[in-house]
Amino acid sequence: MRKGIHGKSSKNYRNPIGNGQKDSNRVPKYNGHKVTTERLSILETIYGTDMHFDAMELHYLMREKGYVISLATIYNNLSLYVEAGLINKHNLLGTMAQYERC
């Protein structure tokens with residue numbers, strides 16, 4: 001069985017949004033995207049913080065936790081989560097887009 005970024009198989013990975021099983025199921029089915037360990041780890045980090053963040057801050061938080069993930073992957077998944085309604089995106093004048101969990 002293929003292992004994820006922390007040696008965990010995605011089959012045994014816990015739901016990062018707690019009891020929101022319905023919400024987590026929207027992500028992999030949205031536009032044919034599959035559940036991956038990277039996607040789940042990004043959601044886990046997002047739902048583990050109460051602050052607003054931009055893509056660079058999320059990337060930094062993930063790196064602090066020991067995840068090896070590209071900034072491009074962060075941007076791609078943030079767009080997916082906004083479209084799926086799992087996070088909100090705020091475009092403020094003169095700043096990078098800010099995100100928050102729903």
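Q: Before we get going, what does partly exposed mean here, relative to buried and exposed?
A: Buried is under 20% relative accessible area and exposed is over 50%, with partly exposed in between. Keep in mind that this is a predicted model.

Q: OK, so where does Y75 fall, and why?
A: Y75 has 34% relative accessibility, so it counts as partly exposed.

Q: Which element is Y75 in?
A: Helix α4, which covers residues 71-84.

Q: And what does Y75 form with M56 and M96?
A: A nonpolar patch on the surface. Together, the three residues have about 270 Å² of accessible area.

Q: Switching to charges. How many salt bridges does a search of the whole structure find?
A: Just one turns up. R101 pairs with D50, and the closest N and O atoms are 2.6 Å apart.

Q: What parts does that pair tie together?
A: R101 sits in strand β2 (residues 98-101), while D50 is in the loop between α2 (37-47) and α3 (55-64), so the bridge links parts that are 51 residues apart in sequence.

Q: How open are the two partners? Start with D50: buried or exposed?
A: D50 is exposed, at a relative accessible area of 70%. R101 is partly exposed, with 31% relative accessibility.

Q: Let's zoom out. What's the order of elements from the N terminus?
A: The order is α-α-α-α-β-β. That's four helices and two strands in the protein chain.

Q: How much of the chain counts as buried?
A: Of its 102 residues, 39% do.

Q: What about the surface, how much does the chain expose?
A: About 6,400 Å², and carbon and sulfur atoms supply 50% of that.

Q: And contacts: of those between residues at least 6 apart in sequence, what share joins residues at least 24 apart?
A: That share is 53%.

Q: Now confidence. What does the chain's pLDDT average?
A: The average is 78, and 70% of the residues score at least 70.

Q: Which elements have the lowest and highest mean pLDDT?
A: Helix α1 (residues 21-29) has the lowest, with a mean of 51, and α3 has the highest, at 95.

Q: Where is the pLDDT below 50?
A: Over residues 1-22.

Q: How many contacts does that stretch have in the model, beyond near neighbours in sequence?
A: The model gives it 34 of those.

Methods
Residues numbered from 1 in each chain as written. Predicted model: local features only at pLDDT ≥ 70, side-chain atom pairs only at ≥ 80, totals over all residues. Heavy atoms only, no water. Salt bridge = Lys/Arg side-chain N within 4 Å of Asp/Glu carboxyl O. Buried < 20%, exposed > 50% of the residue type's maximum accessible area, 1.4 Å probe, protein only. Patch = residues over 30% accessible without salt bridge, like charges linked within 9 Å, V, L, I, M, F, W, Y side chains within 5 Å. Areas by Shrake-Rupley, 256 points an atom, 1.4 Å probe, with all protein chains shown as cover. pLDDT = per-residue confidence, 0-100. Contact = heavy atoms within 4.5 Å.
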